[in-house]
Amino acid sequence: MSEAPEIRLGGTPASAGVAIGPAIVVDPQAAVVPDLADPAAAFSEASAAVSRQLESLCETARAAGRSEAGDVLEAQALMAQDPMLADAVATALDGGAGLDAALHQARQQIEELFAAIDDQYIAARAQDVIEVTDRIRRSLAGVEVPDLEQIAEPSVLVARALTAADTAALDPASVLGFATEAGGPTSHVAIIARSLGVAAVVGAAGIVDRTRAGDPVAIDGATGDLIIHPTEATLDDFAARREAFDAAVAAADQFRGISVALGEHQVQVPANVGSRDDVESAVAAAAEGIGLLRTEFLFLDRSDAPSEDEQFDFYAFAGSSFSEPVVIRTFDIGGDKPAPYLSIAPEENPFLGVRGARLYSEFPEVFETQVRAILRAAIDSPICLMLPMVSTVTEIDDLRSRIAEISAGLTASGVRHEMPPIGIMVEVPSVALVADAVAPHVDFFSIGTNDLTQYVMAADRTNSGLDELQDPLHPAVLALCERTVAAARRNGISVSVCGLAAADPLGAAVFAAMGVDKLSVSPRAVNIVKAAVAATDASTADSMVRAALAAATADEARSIIADTTGSP
Ligand code: PEP
Ligand code: MG
């Protein structure tokens, strides 16, 4: 309990769970570097210290088995001593700037270089250097850099924004949960939080300015409630919520390893994964295969694309972990998942730009390398290949021909491989609208409700101010899902939902009632979703879908589904 008055704030629920603990506040902009006698020497000492600190964080991460976080930290340890940064700071100091201004100028200069990039190698380094510059500033300003890898007491992280790399590096044993001002529920930071199993609230306006390090904080990642200085009554309430959440997880555990059906129709529940750790969590949850392997996480936070062998190892590992299908999605870079070495000229609207499959003709060798790795890994394993962000049949046919050529090339070189089934994400409205015409061109559909919602509702999925418009159970989105499922049925191909809505018990119920074959969700949600499907009444499934489709608003659709399923 705390003496200070309780402050109640709200945000967008991003990852279910309840976290109560002291706050760690990450606010890189708050650091101001004082005037120093020898700024050049201070800068050089601070960058060496930060480099050592990053190296030690890298070792800790690797020792804990978090190899991907280790790779990011290792790259950043090198960047702390990068000549590009040192030169920019030295030039600003020579021009008479103080150290604080010199760091700001250097950062801005690197950002500008980044924006006007035409050299992919420098572009990749720029992003790392920007993050490392902020770390050096905090070190020089005496603002304690929270060592997210070495937090003594389990805590709640409060930040304006976290990058996908920051989030991937979090240790769930010490970070109980986090709240950020930026981000929407389907941003990739939220996706990683769910896969780590940490409670998260995003879009929490004002949280950073109102929280000081060490303040007691309570967050509920299922409701978005966020309390600073909770009273004893609030703590009791949150403890009860935590108990209820733990009880629901334990109850769902009875579905581990059990198949569920709605009436006669079996609904499989595979997992969404992005790393080896996730694959292991999916195996532990007895997920029915992998419905979405987001390969782009392998491409982020590095200076060039992963090699064919590195990719092959990961895909073969995922493929050999299951007897059910393992759906590997080719890289979906762009939007909120930029990789500087895979960017083209800066775009006004990256989510409406050259993203996902649209990027493959710009970087044909990167696509070829990935397809080779997937085709090689597909030997004797249930791997399927999935293309993201396609909008037209022409794109699909072109990419299929390209994949066939790559396969022919492997054959010509005597490389053993297998052609996997090829499917697409249905996440652009144009594809859902003509799904009947698209279906004969693919082996399966997987509905990406995260992007489908953003494009149907014209609401950027990372814009926390547009939450109201981002409900995937809005009847307009449901109508496109239903159209897609019906087209898949008529054309005899399988259809899944792999967006976040599949893990919402109401979403799981309505999609199962529509007749989807699979609901692909984060490993931790697998058994909770099975419980939701098992609880859905097959006799009223049809009428529930009709009524939800006829609703005027998302809230109305939700209450119709909730009334039919008895869910809260
Ligand atoms: C989606 O858009 O729903 C999806 C599953 O893909 P991602 O979230 O990676 O864009
Ligand atoms: Mg998507």
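# Close-up views of a predicted model

**View 1. Ala458 sits in a loop after a helix.** Ala458 lies in the loop between helix 16 and helix 17 (475–491). Helices (H or I, at least four residues) and strands (E, at least two) are DSSP runs, numbered from the N terminus. This is a predicted model: local features need pLDDT of at least 70, side-chain atom pairs count only at pLDDT 80 or more, and totals for chains, interfaces and linings use all residues. Residues are numbered from 1 along each chain as its sequence is written, chains are lettered from A and ligands numbered from 1 in the order in which they are written, and side-chain values use heavy atoms, with hydrogens and water left out.

Is Ala458 buried or exposed? Ala458 counts as exposed because its relative accessibility is 67%. Buried means under 20% relative accessible area, exposed means over 50%, and partly exposed is in between (1.4 Å probe, protein chains only). Ala458 is not a glycine, yet its phi is positive, at about 55°. Most residues other than glycine have a negative phi.

**View 2. Helix 16 is mostly covered.** This helix spans residues 449–457, and 8 of its 9 residues are buried. Among the buried ones are Thr449, Leu452, Tyr455 and Met457. Asn450 and Asp451 are buried too. Ala458 follows helix 16.

**View 3. Ligand 1 is surrounded by 17 residues.** A residue counts here if one of its heavy atoms lies within 4 Å of the ligand. The closest are Arg294, Arg329, Gly448, Asn450 and Arg461. Look next at the polar atoms. A polar contact is a pair of N or O atoms within 3.5 Å; within protein, one must be able to donate a hydrogen and the other to accept it, and residues adjacent in sequence count only if both atoms are side-chain atoms. A backbone N or O atom of Gly448 is 3.4 Å from an oxygen atom of ligand 1. For Asn450, a polar backbone atom is 2.8 Å from a ligand oxygen atom. Asp451 uses a polar side-chain atom, 2.9 Å from an oxygen atom of ligand 1. Taken alone, ligand 1 exposes 290 Å², and the protein buries 100% of that. Accessible areas come from the Shrake-Rupley method with a 1.4 Å probe; for residues, only the protein chains shown count as cover.

**View 4. Asp332 is a buried loop residue.** Asp332 lies between strand 13 (326–329) and helix 12 (364–377). It counts as buried because its relative accessibility is 1%. Its side chain makes a polar contact with the side chain of Arg355, at 2.9 Å. Contact on its own means heavy atoms within 4.5 Å. Leaving out residues up to four places away in sequence, Asp332 touches Glu296, Lys337, Arg355, Gly356, Pro388 and Met389.

**View 5. Leu342 lies in the loop between strand 13 and helix 12.** Why does Leu342 count as buried? Its relative accessibility is 3%, so Leu342 counts as buried. Beyond residues up to four places away in sequence, Leu342 touches Phe299, Phe331, Ile333, Leu359, Phe363 and Val366. Val354 is 12 residues from Leu342 along the chain, and their C-alpha atoms are 10 Å apart.

**View 6. Four rings form one aromatic cluster.** The members are Phe299, Phe331, Tyr360 and Phe367. The whole structure holds 4 aromatic pairs. Rings of Phe, Tyr and Trp (its six-membered ring) pair if their centres lie within 6.5 Å; planes under 30 degrees apart count as stacked, over 60 as edge-to-face and the rest as tilted.

**View 7. Arginines sit over rings.** The charged end of Arg241 is over the ring of Phe238, 4.4 Å from its centre. Arg376 lies over the face of Phe312, at 4.3 Å from the ring centre. A charge sits over a ring if NZ of Lys or CZ of Arg is within 6 Å of the ring centre and within 35 degrees of the ring normal.

**View 8. Met544 is a buried residue of a helix.** Met544 belongs to helix 20 (residues 541–550). It counts as buried because its relative accessibility is 2%. Met544 and Ala513 are 31 residues apart in sequence, and 7.9 Å apart from C-alpha to C-alpha. Not counting residues up to four places away in sequence, Met544 touches several residues, including Ala509, Ala513, Ile560 and Thr565.
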